[in-house]
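Colleague: Please take me through the enclosed space inside this protein. I want a close look at that one part, and then how the rest of the chain sits around it.

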Amino acid sequence: MARRADKTQANRQRMRAAAQTLFVARGYAATSMQAIADEAGMAVQTLYFTFKTKRALLAELLDIAVAGDDEPVPNLERPQVRAALDNPDPVAQLHEQARFAREVYERVAPVLQVIAHAATADSEIHELWETNNAQRAVVMERMATALAAKTALRAGLDAAMATDITLALLSPELYHLLTARRGWTADRWEQWTADALVTQLLPPG
């Protein structure tokens, strides 16, 4: 029984990998379920039985890339997020946020680009994009609230504005601009972002 479950999971992973390869290379709209099945070496009926729709397959790719695994653990309960929230040092929290975001974007950036491009012409993918943005905002709001509980924020800021600044600096669009288009390394992005968060959110000194 366990061997059969392992094989099913391995096949699911194979299909996801094939889908990501083709989505990134061709785009979402130009990639058919048949093409994904062929790339994975699976019957297309198996692909439909496993994921039902191409949108559901893309959504699962996104969820797993964000989380780093397929465990059903909410983002706010993930160890890296909890570590940042629970760290009593506000500067350390912001550095942990930048590190965590870097780890996520290194996994998820290609999938997010697929979704961003497809969202302009596909209402279902647009909804997926907006849901992802809303989930990110919830996490950032929780982080900003935790930060404000630990220390005074920079003059003129409240938790709501701190959330907006964090969303901007930790946005996938800015990560893509600086790493994919401007050639920054992920290390450089992480360090610059952590420094920018500290400068923008905390009082001088």
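Modeller: The largest cavity has a volume of about 290 Å³. This is a predicted model, so read every value as computed from it. Sixteen is the number to keep in mind for the wall: 16 residues line the largest cavity. Nearest its centre lie V66, F100, V104, R136 and M140. Two elements, α6 and α7, each give two or more residues to that lining. The biggest contributor is α6, with seven residues. The search of the whole structure finds two cavities of 30 Å³ or more. Rolling a probe the size of a water molecule over the atoms shows where empty space is left.

Next, the open space. The largest pocket holds about 260 Å³. Its lining counts 18 residues, and the closest to the pocket centre are D63, A67, V73, N75 and Q135. Helices α4 (54-67) and α7 (123-150) each supply at least two residues of this lining. Here α4 takes the largest share, with five residues. So α7 turns up in both places: it helps line the largest cavity and it helps line the largest pocket, as a helix in each case.

A67 deserves a stop. It belongs to helix α4, and it is among the residues closest to the centre of the largest pocket. Is A67 buried or exposed? A67 is buried, because its relative accessible area is 19% and the cut-off for buried is under 20%. Leaving aside neighbours within four places in sequence, A67 is in contact with R78 and R107. A67 also links back to the cavity. The C-alpha atoms of A67 and V104 are separated by 7.4 Å, although the two residues are 37 apart along the chain. V104 is one of the residues nearest the centre of the largest cavity.

Stay with α6, which spans residues 90-119. E190 reaches this stretch from another helix. E190 is found in helix α10 (residues 186-201). Leaving aside neighbours within four places in sequence, its contacts are A98, R99 and R102. E190 is buried, because its relative accessible area is 18% and buried means under 20%.

H117 also lies in helix α6. This residue is exposed, because its relative accessible area is 57% and exposed means over 50%. H117 and Y28 are 89 residues apart in sequence, yet their C-alpha atoms are 8.3 Å apart in space.

Now step back to the whole chain. The protein chain has ten helices and zero strands. From the N terminus on, every element in the order is α. The C-alpha atoms fill a box of roughly 60 × 40 × 30 Å along the principal axes. Buried residues make up 42% of the 205 residues. Take the contacts between residues at least 6 apart in sequence: 66% of them join residues at least 24 apart.

Finally, the outside. The accessible surface of the protein chain comes to about 11100 Å², and 54% of that belongs to carbon and sulfur atoms. The chain carries 22 positive and 25 negative charges, and their mean positions are 6 Å apart.

Definitions and conventions. Residues numbered from 1 in each chain as written. Predicted model: local features only at pLDDT ≥ 70, side-chain atom pairs only at ≥ 80, totals over all residues. Heavy atoms only, no water. Helix = DSSP H or I, 4+ residues; strand = E, 2+ residues; numbered from the N terminus. Buried < 20%, exposed > 50% of the residue type's maximum accessible area, 1.4 Å probe, protein only. Contact = heavy atoms within 4.5 Å. Areas by Shrake-Rupley, 256 points an atom, 1.4 Å probe, with all protein chains shown as cover. Lys, Arg positive; Asp, Glu negative; His and termini not counted. Charge placed at Lys NZ, Arg CZ, Asp CG, Glu CD. 1 Å grid on protein atoms, 1.4 Å probe; cavity = no way out; pocket = protein on both sides within 12 Å on 5 of 7 lines; lining within 4 Å. Points joined across faces, edges and corners; volume = space filled by probe spheres on them.
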